[in-house]
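Got your viewer open? Let's take a walk through this one, selecting a few things as we go.

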Amino acid sequence: MPLVECVKEIELLSPARNVEIGIEAIKCGADAVYIGASNFGARHAAVNSVEDIKRLVEYAHIYSAKVYVTLNTILYENELAEAEKLARSLIDIGVDAFITQDLAYRAMQLDIPLHASTQMDNRTIERVRQLESWGFEQAVLARELGLNEIKLIHDACPNIKLEAFVHGALCVSYSGRCYASQFCFNRSANRGRCAQFCRLAFDLEDNKGKVLVKNKYLLSLKDMNRSSHIEEMLDAGICSLKIEGRLKDVGYVKNVTAYYSEILNDIVNRRPHEFKRSSRGTCNVNFQPDLSKSFNRGFTNYFLTPSGNNICSIDTPKSIGEKIGLVEMQTKDYILFNGDKMLYNGDGICFINDKGILEGFRANKVVGNKIYPFPSNIKVNNNTCLYRNRNIDFEKKLQRSESNRLININLIMEDGDDGFIFFVSVPDGPLVKIEKKFVKEIARTSQTERILKELSKTGDSIFKINTMKINLSDNYFIPGSILSQWRREILTEMLKVICVKQNDFVVKNNECQDIGIPDNIDYTYNISNSLASKVYTDGGAKVIQPAYEINTRVSTEMSTVVIMTCKHCIRRALGACLKDKRKKVSLPLSLQLSLPDGRKFPLSFDCDKCEMKVLVKP
């Protein structure tokens, strides 16, 4: 018996701050987009009405692309009814899944797939088994996992789809385990209101207050870029590749989406019997995507491979952009640099000055390798590395670009008893039979070429004729106006066919037994309502501590509280790792971070787990 080929569907998942950005992402190659609704999303500044999301759903489904709605904040008891009402209204308009953090949505028995947000701290086999048992269709893995860890989870849990981030900004804490914003600013990251504590400048001190490192961004990470490891991630078991950035502008999303889509297309073209894109259509973009030209803080693959540990951007939390070269000299009028990048009038240029602080200026005029800066009194030392963090020419190309996405049609025309029959299909779609009545008349000259030419004119529609066969028993004459009418009717019919959503989802009711639920659930599980609590008690939990945001015990009874748990380690970043016998720097065992207002944050290091914890004393 021959082996049955199993082709794995893979998706590129892009962010959408609004519907317009979501549409552009699909035009540039996204197989799915994720977007926030009017409430309960982890980006408070990116909200959309049900009516707007419906527009996005209707557009996406033309290409078999999917729309995932982020309902990924924790819910308070008095919000459960509103959250369920919103969820059901989104189901009614045909969204494809919810990305959730709160287990209340699981308890609501919603008729839609649930994806476990990375805010659920999905780092272990045990955790992913829990999610699978609870009926989650897809799990968004923690960003900190390496390729080997991803493969182990996939091998142990092959029946749940695995999603992983590939590009964008990084949280320094394990997602869902950061309470710094809530503690310092009363703004909960688990409620979509993160104040970006990790992007602040700190002093590093010993336990007596002696300053060891002054005014550095010790918790600010570079941006993720895993573009050179996509094939390895697919081989490890990832099927959904996620771009971070629901607050990013349309240019960023178009550029990054197009870049990763090209990578996936190359993999699929080389390995067609193993992988295929989950959506249909061929994307045409009239710009050359380049990750270095969009907002970035420098890049890291972030622990995906052993070489991905250079992750911190301690000099600045701002965008640095692409390296353009070193300063050779500065005159009173211009700066001469030695790079080969072409610069443009208006470009944004930045550098780290001799005090370790990011400075920037605008290229008022560029002549070859001479930059005439604005303001003109900027001072840059020789051999300073210059970066371009705003590329005017590239931004204009993105603004002018009119990307489109076309669906290939295969068409066969044959004789019918009282007219003609058209058999029409799209990739991975049904074969549609369309009959047209017509009184046949024999022509004097060959008509095949004329018929082919007329039927292939798809104009500004979303379709493109891929193959066409004319299998007629004789040389029939058909007026051009009739052929044009049939072509329009065929394309209209095919649009109706491909927009029909196949809803075969069934709510799963798996038993929550023997899946590693601990007896005592502490505040880091983020349980903030009775429905989520019941999921854990049904699974065997005896004691459930409330979420940090509503937990009075945290502030009244505990001597210290962990507000961040990080794979990033300040010791390692500064060359003082306690496990590294070749460490270049010696630091005291007891360390703390200090803000300019005097607030202190002791650090704890678990070298066995390679983890750092940021603590507070309530």
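The stops below go from a strand, to a pocket, to some charged pairs. Keep in mind that this is a predicted model.

**Stop 1: strand β2.** Select residues 32–36, which make up strand β2. Buried or exposed, what do you find along β2? Five of its five residues are buried, so the strand is mostly covered. Now show the side chains: A32, Y34 and G36 point one way, while V33 and I35 point the other way. That fits a general pattern: in a regular strand, side chains alternate between the two faces of the sheet. Here the residues pointing either way from β2 are buried.

**Stop 2: the neighbours of β2.** Add residues 8–16, strand β1, which pairs with β2 in the parallel sense over four bridges. To see where they meet, zoom in on A16, which stands opposite I35 in β2. Next add strand β3, residues 66–71; it runs parallel to β2 and is joined to it by five bridges. Y34 of β2 stands opposite Y68 in β3. Then trace the chain from β2 to β3: the path goes through helix α2, residues 50–62, in a right-handed β-α-β crossover.

**Stop 3: a pocket.** Turn on your pocket display and pick the second largest pocket, with a volume of about 910 Å³. Which residues are closest to its centre? Select A42, R43, C171, C194 and E244; these are the closest of the 44 that line the pocket. Colour the lining by class and you get 19 nonpolar, 14 polar and eleven charged residues.

**Stop 4: salt bridges.** The structure holds 40 of these, and a few are worth a click. Start with D393 and K397, whose side chains meet at 3.3 Å, N to O. Both sit in helix α10 (residues 392–400), and because they are four residues apart there, about one helical turn separates them. K397 is partly exposed, at a relative accessible area of 39%.

Jump to R599, which forms a salt bridge with D597, with the closest N and O atoms 2.8 Å apart. R599 counts as partly exposed, at 28% relative accessibility. Then try E611 and K613, a salt bridge at 3.7 Å, N to O. E611 counts as buried at 9% relative accessibility, whereas K613 is partly exposed at 22%.

**Last stop: a network.** Select E231, D235, D266, R270, R271 and E274 together: salt bridges link them in a network.

Definitions and conventions: Residues are numbered from 1 along each chain as its sequence is written. This is a predicted model: local features need pLDDT of at least 70, side-chain atom pairs count only at pLDDT 80 or more; totals for chains, interfaces and linings use all residues. Side-chain values use heavy atoms; hydrogens and water are left out. On a 1 Å grid over the protein atoms alone, a cavity is a set of points where a 1.4 Å probe fits but cannot get out, and a pocket is an open set with protein on both sides within 12 Å along at least five of seven lines; lining residues have an atom within 4 Å of a point. Grid points are joined across faces, edges and corners, and a volume is the space filled by probe spheres set on the points. Ala, Val, Leu, Ile, Met, Phe, Trp, Tyr, Cys and Pro count as nonpolar, Asp, Glu, Lys and Arg as charged, and the others, Gly among them, as polar. A salt bridge is a side-chain nitrogen of Lys or Arg within 4 Å of a carboxyl oxygen of Asp or Glu. Helices (H or I, at least four residues) and strands (E, at least two) are DSSP runs, numbered from the N terminus. Buried means under 20% relative accessible area, exposed over 50%, partly exposed in between (1.4 Å probe, protein chains only). Two strands pair if DSSP finds at least two bridges between them. A crossover is right-handed if, with the strands pointing away from the viewer, the path from the first strand over the helix to the second runs clockwise.
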